[in-house]
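Me: I should like to learn how to read the ligand site and the sheets of a model. Please begin with the ligand.

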Amino acid sequence: MKPVYNFSPGPSALPKPVLEKAQKELLNYKGTGMSVMEMSHRSKVFQDIVDSAQELLSELMGIPDNYKILFLQGGATTQFSMVPLNLLRKYKKADYAITGSFAKKAAQEAERYGTVNVVASSADANFSYIPDVESMKASPDSDYFHITTNNTIYGTRFTRLPDTGSVPLVADMSSNILSEVMDVSKFGLIYAGAQKNMAPSGLTVVIIREDLLGNAMDITPTMLNYKIQADANSLYNTPTTFSIYMAKLVFEWLKDLGGVPVIEEINKEKASLLYDCIDNSNIYKGTANPKDRSIMNVTFTLPSEEMTAKFVKEAENNGLVTLKGHRSVGGIRASIYNAMPVKGVKALVAFMKEFEHNNK
Ligand SMILES: *Cc1c(COP(=O)(O)O)cnc(C)c1O
């Protein structure tokens, strides 16, 4: 079979060596005679998986000691409510930068529990850019400041962080966690659905500074209370055991590769191969403001709907799949997360050049 390169925005491609390892261990995990899927989440074997997943993530991201790592469920979308329920501690007010539809959804959910102050928005240009971070000022009476570090649908990312002073910076990092070096100490809380850069869907990773624990509103459901989850080390109830195991394998793979600084270089190389092709073309047009371009989701359009449909179909025949853009942007979106090899991007670029040549 010809190789298939999957450019899906999420759930997305996992590293081949990780899938092969999971396959090898599927029926008999480390001599237990059973699959990780069948194991008690209270067993010693599974506890070891949780512990090493936490240690590996901590090492990869350089997470300081005063942070807790939580393995939760409900996706990034559940964090849209969990964050305000736990963090609207004092003023019941939070700042939000609206840089995409996920950011907008996060702000809308927070409005159910407190006051939302929109510090910046790029809705005026269909979220094709990141507003100047210098102009993003935290309110003095804000409990936290929320950003979306990479905007999956629109193909933009924050290349610098706003300076929020003593107001905790909260980030939805679903689509670029572990893709580039981030200074965790700049954040009060980071959350990410795992299905883009870490594991199969089902797992949500939360990294929270300890002083932010223990202030949940009284109405907060038990399962949505960070303190309860932290005290139980993510085992308050049955966690998404297999996804945690898969995350551990992905973290091991990334560590073996040389860690985040190495994958960041590879990701930048992949992104520039695509952006160079777009910038030197007469039919492809990038949709994101060049200085805010994502290195995870590359978005561009073609001159017509017909040509776009033809592109998607012919790409698929060449083993380049899931390239259709989100309906709110149209065109094409190539999601090139950590698991996408340089080879896959080179194959896409070669196809793009050939397609342009044949469709001038
Ligand atoms: C995919 C995505 C979400 C939604 O994640 P779920 O896990 O499906 O809830 C939220 N924010 C960003 C930035 C995303 O990329």
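Reply: A polar contact is a pair of N or O atoms within 3.5 Å; within protein, one must be able to donate a hydrogen and the other to accept it, and residues adjacent in sequence count only if both atoms are side-chain atoms. This is a predicted model, in which local features need pLDDT of at least 70, side-chain atom pairs count only at pLDDT 80 or more, and totals for chains, interfaces and linings use all residues. Residues are numbered from 1 along each chain as its sequence is written, and side-chain values use heavy atoms, with hydrogens and water left out.

Me: Which polar side-chain atom lies 2.5 Å from an oxygen atom of the ligand?
Reply: That atom belongs to T77. An N or O atom in the side chain of K196 is 2.7 Å from an oxygen atom of the ligand, while the side chain of D172 places an N or O atom 2.6 Å from a ligand nitrogen. Of the 380 Å² of accessible area that the ligand has on its own, the protein covers 85% (Shrake-Rupley method, 1.4 Å probe).

Me: How many residues surround the ligand?
Reply: The shell (a heavy atom within 4 Å) holds 13 residues, and T77, T152, D172, Q195 and K196 are the closest. Helix α3 (residues 75-87) gives the largest share, four residues. Helices (H or I, at least four residues) and strands (E, at least two) are DSSP runs, numbered from the N terminus.

Me: How should a sheet be read?
Reply: Strands of a sheet pair through backbone hydrogen bonds, either parallel or antiparallel. Here, two strands pair if DSSP finds at least two bridges between them. One open sheet has seven strands in the order β2-β10-β9-β8-β5-β3-β4, with mixed pairing. β2 (67-72) and β4 (115-121) are at the edges with a single partner strand each, so one side of each lacks a neighbour in the sheet. From one strand to the next, the twist averages 15°.

Me: Which helix packs on this sheet?
Reply: Helix α4 (residues 101-110) does, touching β3 (93-98), β4, β5 (144-148), β8 (169-172) and β9; contact means heavy atoms within 4.5 Å. The direction of α4 makes about 160° with that of β3 (axes are lines fitted to C-alpha atoms, for helices over the stretch in contact, and angles run from 0 to 180 degrees between N-to-C directions).

Me: What is the order of the open sheet with three strands?
Reply: The order is β11-β12-β14, with antiparallel pairing. Strand β12 (residues 297-301) and β14 pair over four bridges, and V298 stands opposite A334 in β14.
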